[in-house]
Amino acid sequence: MFFKLALKNVTKSIRDYTIYFLTMTFGVCLFYMFNSIDSQKAMLNISAVQSKSMEMLTQSIGYVSIFISVILGFLIVYANRFLIRRRKKELGIYMTLGMEKGKISRIVVLETFFIGVFALAVGLIVGIFASQWLSVVTAKMFEVSMKAFQFTFSFNAFYKTLLYFGIIFLIVMIFNTISISKLKLIDLLTDGKKNENLKIKRLWISVVLFLVSVACLGAAYYFINKNGMLEVNEMFTASIVLGCIGTLLFFLSLSGFLLRVVQANKRLYYKNMNMFILRQINSKINTTFVSMSVICIMLLVTIGTLSTGMGLADVLTKGVKESTPYDITFSYYGSQKGDAKTQIKDIAKIMADDKIGLSRYAREYAQLNYYSSDLKYGDFHFDDSLLRQYFGDDQIKAVNKFPMPIISLTDYNRAAKMQGKPEISLKANEFAVNCTLYQFQPAIESFLKNSGKIVLNGKQLTSAGKTAYRTALQTSMSQSDSGTLIVPDAMISGLTFENGVLNMNYRVGVNEQEFLRQLETVYSEDAVKSGKIVRPYDMELSRTLIFEQGAGLKTVISYLAIYIGLVFLITSAAVLALQQLSEASDNAERYGLLQKLGAEESMVNRALFSQIAIYFFIPLSLAIVHSYVGIRVANNVVQMLGHLDIMGNTLFTAMIFLVIYGGYFLATYFGSRSMIHQRQN
């Protein structure tokens, strides 16, 4: 009997469960999709480095999935709370007819089980097929080809999805049982006629709290701008704490503040059905300010991860071609050795003496040595206003204390020649500057145009030009040369040797892995530790390795950003939708009364639309303000690694919000309208 009754209830209440069911299905689908990435290796032609990136991606998603499952668990429990409230009158009728609470709990548990199993099955089916499409996206992001398309199924993702969501549904069933055991018959039958208890009954208190919230948020914005997101310190912590307090107070006071502001404008207050709409919003926000605050913060995380996360991924890979002008670069850090006798200024010669056979692999190579002196970045007297566009005052002070690296004219010309760039010439009293980090270029070129004079080892040098050269002097992960001084060869004498690099381009047809294995054989750890041989470099970095690592890192960051962002966005929109559907159910009689008082159906529909639109827009609007401040600061950090396409990331995030958040809004409106009309008929 209970089985049939539960199944009949689910079928009868399918409209009430639609958003709940679709949200769970979407959650299961995303969960399976992203956890099935490990099964895609079989289809992709990936190297050992890319295979490690795939393993890192799989592990990262595994850890994030634990957090995601907790979020989805709270969502499902929260949604069930509203669904039970939606059906209080129905449950009250069961109790009036003599049904015990235990039996009612059994019916609700069975209903939850039916919906859970159905959502899990549909979500898994959709996720399995969607993961095949994800394989193509993964191949594109890793910049590799697919061996041959084959239908894949991840048993690991399947079992993990069953386990995690099985636990969630079990918790929901326990929660429902406890909730029903606490219900009273009088509450079930009269709940729809109860008014919300206002947290703040005096409007002037709302106004004061609103002003306090604005002050807290203003202080939070100031601190995060001052901190620059570069250090987790007291200022950073204060910005987070004040931001959360300000957000909570904002929603606690907003309804009363809005009521006070609109009431001051009588024409607006009494126009159409604004008074009714405002009163509805006033009562609802005042009692759900905690959930609204949490939703706002979740939307902030969504906007931040989708825009900044994707932007960071693009920055890390976009400039790879410019930052890798040579096939491979060997670096030796002499300044870290401490003993001047260990300084190595001819890496290639030592490698030849060690029988590496460099000429068999190299088409061309050239050594470049860096030196330092007492000359600091601050001695260039950069225009701080040009640097403040990207850096905070503390960062500028720190940079000004760094010694500027120096190279000889000959070394620079060797590096430029290997790239096919023109060589330069300098007089005995001239210097030039090379800079690839675009944030420093305006300040450096401003100095070259306005002053253009420095003192090096007691000798004054004048700039040979008004612009900085932009040559990548070695293969690296990103364009990170914030300014390198180029001086005549004679000026090198007396300077401190810092480090040397050997840039090398391969002969046609050379196998890089074979060359690296040769190096590992000659400079094995055992041979180096035993003192039999001295390795003339501390690190090697190849173009191939950087491309593969960059593609892997881009995939990891992008997938995590999309995974977290989508789940948070769905959770936020679903909670808002369920709250409004519950509100529409509770207030169906009020909307019916409006029509009895002479309001046309179109006016009632517009009032409902406005109420839901405002309810959806308020947390989103504050989240956008938070995001504007946070993303602007975060972008300054990201831009240290390269130029960020802010417009493209913004449009991408806006499109996702329009589809998902806008979709939930429309579904909520049409569902609420149908619910009200159904009650009236």
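# Helix 19, strand 4 and the charged pairs

Me: Is helix 19 largely enclosed or open in this predicted model, and how many of the 10 residues are buried?
Reply: The model is predicted. In helix 19, the rest of the structure largely encloses the helix, because the buried residues number 7 of the 10.

Me: Which residues of helix 19 are buried?
Reply: Buried here means under 20% relative accessible area. Near the start of the list stand Gln-441, Ala-443 and Ile-444. The others are Glu-445, Ser-446, Phe-447 and Leu-448.

Me: What do the buried residues of helix 19 pack against?
Reply: One partner is a helix, namely helix 16 (384-387). The other partners are strands. They are strand 4, strand 5 (453-456) and strand 6.

Me: Which residue just after helix 19 takes a positive phi?
Reply: Look just past the end of helix 19. The phi there is about 70 degrees, and the residue is Gly-452.

Me: Which residue meets Glu-445 in a salt bridge?
Reply: Side chains of opposite charge can pair when their charged atoms come close. For Glu-445, the N to O distance is 3.2 Å. The limit is 4 Å, so the pair counts. The partner is Arg-470.

Me: Where does Arg-470 lie, and how many residues apart are Glu-445 and Arg-470?
Reply: Glu-445 sits in helix 19 (residues 441-450). Arg-470 sits in the loop between strand 6 (459-463) and strand 7 (484-487). The pair links distant parts of the chain, and the two are 25 residues apart.

Me: Is Glu-445 buried or exposed?
Reply: The cut-off for buried is under 20%. Glu-445 has 13% relative accessibility, so Glu-445 is buried.

Me: How does Arg-470 count by relative accessibility?
Reply: Exposed needs over 50%, and buried needs under 20%. Arg-470 is at 48%, so Arg-470 counts as partly exposed.

Me: How many residues of strand 4 are buried?
Reply: Strand 4 covers residues 430-434. Glu-430, Ala-432 and Asn-434 point one way, while Phe-431 and Val-433 point the other way. Both sets are buried. The strand is largely enclosed by the rest of the structure because the buried count is 5 of the 5.

Me: Do strand 4 and strand 6 run parallel or antiparallel, and which residue is the partner of Phe-431?
Reply: Strand 4 and strand 6 are joined by 2 bridges and run parallel. In strand 6, Phe-431 has as its bridge partner Ser-463.

Me: Which residue in strand 7 stands opposite Ala-432?
Reply: Strand 4 pairs with strand 7 in the antiparallel sense, over 3 bridges. Opposite Ala-432 stands Ile-486.

Me: How many residues apart are Asp-327 and Arg-543?
Reply: Asp-327 and Arg-543 form a salt bridge, with the closest N and O atoms 2.4 Å apart. Asp-327 lies in the loop between helix 13 (320-323) and strand 1 (328-332). Arg-543 lies in helix 22 (residues 543-586). The pair links distant parts of the chain, with a separation of 216 residues.

Me: Which helix holds both Asp-411 and Arg-414?
Reply: The side chains of Asp-411 and Arg-414 meet in a salt bridge at 3.3 Å, N to O. The two are 3 residues apart, about one turn of the helix. Both lie in helix 18.

Me: Why is Cys-244 too far for a bond with the closest cysteine sulfur?
Reply: A disulfide needs sulfur atoms within 2.5 Å. The closest cysteine sulfur to Cys-244 belongs to Cys-296, and a bond is ruled out because the distance is 9.8 Å.

Methods. Residues are numbered from 1 along each chain as its sequence is written. This is a predicted model: local features need pLDDT of at least 70, side-chain atom pairs count only at pLDDT 80 or more; totals for chains, interfaces and linings use all residues. Side-chain values use heavy atoms; hydrogens and water are left out. Helices (H or I, at least four residues) and strands (E, at least two) are DSSP runs, numbered from the N terminus. Buried means under 20% relative accessible area, exposed over 50%, partly exposed in between (1.4 Å probe, protein chains only). Two strands pair if DSSP finds at least two bridges between them. Contact means heavy atoms within 4.5 Å.
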